[in-house]
Amino acid sequence: MIDRLEKEVDMLERHLQVLRMVIENEPIGIVKMSNETGYPHHKVRYSLRVLEEENLIEPSSQGAITTDRTAEFVDELDEKLDEIVDKIGGMRIEDAPELES
């Protein structure tokens with residue numbers, strides 16, 4: 001159960017790292033991103049596809065570039081992540097009564 005969540009968080013981290021690289025280096029291609037991040041080309045390509053489907057980046061002849069939606073997403077990101085962290089923190093069961101063995 002937790003393993004699946006951890007994999008999703010790892011994938012989100014990769015997507016956001018790829019987005020950060022596009023923001024900082026646009027236009028940028030798959031090969032350069034793969035070389036700089038150490039992620040295989042197919043994982044970078046998948047992250048780019050996800051970001052494109054979310055309208056956060058778009059392809060150009062020179063490589064990936066940001067869209068009009070990117071800045072708004074980045075502005076809201078920290079708040080959304082904080083909400084998720086709070087929600088996950090509320091799931092702790094350490095304060096629950098002791099379980100009998």
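**View 1. The buried side of α2 has α1 and α3 among the elements that cover it.** This is a predicted model, so treat each close-up as a computed picture. Three residues of α2 are buried here: Met 33, Ser 34 and Thr 37. They sit on the same side of α2, because the arc they cover around the axis is only 100°. A helix has 3.6 residues a turn, so residues three or four places apart point the same way. Just after α2 comes Gly 38, and its phi is positive, near 85°.

**View 2. Helices α2 and α3 cross at roughly 115°.** Here we look at residues 30–37 (α2) against residues 41–53 (α3), whose axes come within 9 Å. The crossing is right-handed. On the α2 side, the contact is made by Ile 30, Val 31, Met 33, Ser 34 and Thr 37. On the α3 side, look for His 41, Val 44, Arg 45 and Leu 48. Sorted by class, that gives 5 nonpolar, 3 polar and 1 charged residues.

**View 3. Helices α1 and α4 pack at an angle of about 145°.** Their axes are 12 Å apart, and this crossing is left-handed. From α1 come Leu 12, Leu 16, Leu 19 and Ile 23, which meet Thr 70, Phe 73, Val 74, Leu 77 and Leu 81 of α4. The class count for this contact is 8 nonpolar, 1 polar and no charged residues.

**View 4. The largest nonpolar core holds 15 residues.** Nonpolar side chains tend to be buried together in soluble globular proteins. The residues with the most contacts inside this core are Leu 19, Val 22, Met 33, Leu 48, Leu 51, Ile 57 and Phe 73. Elements giving two or more residues to the core are α1 (2–25), α3 and α4 (68–89). Which of them gives the most? That would be α1, with 5 residues. Zoom in on Leu 19 and you'll find it touching Leu 51, Leu 56, Ile 57, Thr 70 and Phe 73, leaving out residues up to four places away in sequence.

**View 5. His 15 is a buried histidine in helix α1.** Is His 15 buried or exposed? It counts as buried because its relative accessibility is 9%, and the cut-off for buried is under 20%. Setting aside neighbours within four places in sequence, His 15 is in contact with Tyr 46, Ser 47, Val 50 and Leu 51. Leu 51 also turns up on the list of residues that Leu 19 touches.

**View 6. Two loops have backbone details to look at.** Most residues other than glycine have a negative phi, and most peptide bonds are trans. In the loop between α1 and α2 you'll find Pro 27. The peptide bond that leads into it from Glu 26 is cis, with omega near -10°. The other loop runs between α3 and β1 (57–60) and contains Asn 55. Asn 55 is not a glycine, yet its phi is positive, about 60°.

**View 7. Lys 32 of helix α2 is shown together with Glu 58.** Lys 32 counts as partly exposed, because its relative accessibility is 42%. How far apart are Lys 32 and Glu 58 in sequence and in space? The answer is 26 residues along the chain and 17 Å from C-alpha to C-alpha.

Conventions: Residues numbered from 1 in each chain as written. Predicted model: local features only at pLDDT ≥ 70, side-chain atom pairs only at ≥ 80, totals over all residues. Heavy atoms only, no water. Axes fitted to C-alpha atoms, helices over the stretch in contact; angles between N-to-C directions. Helix = DSSP H or I, 4+ residues; strand = E, 2+ residues; numbered from the N terminus. Left-handed = near helix turned anticlockwise from the far one by under 90°. Contact = heavy atoms within 4.5 Å. Nonpolar A, V, L, I, M, F, W, Y, C, P; charged D, E, K, R; others polar. Core = buried A, V, L, I, M, F, W, Y, C linked by side-chain atoms within 4.5 Å. Buried < 20%, exposed > 50% of the residue type's maximum accessible area, 1.4 Å probe, protein only. Arc of directions from axis to C-beta.
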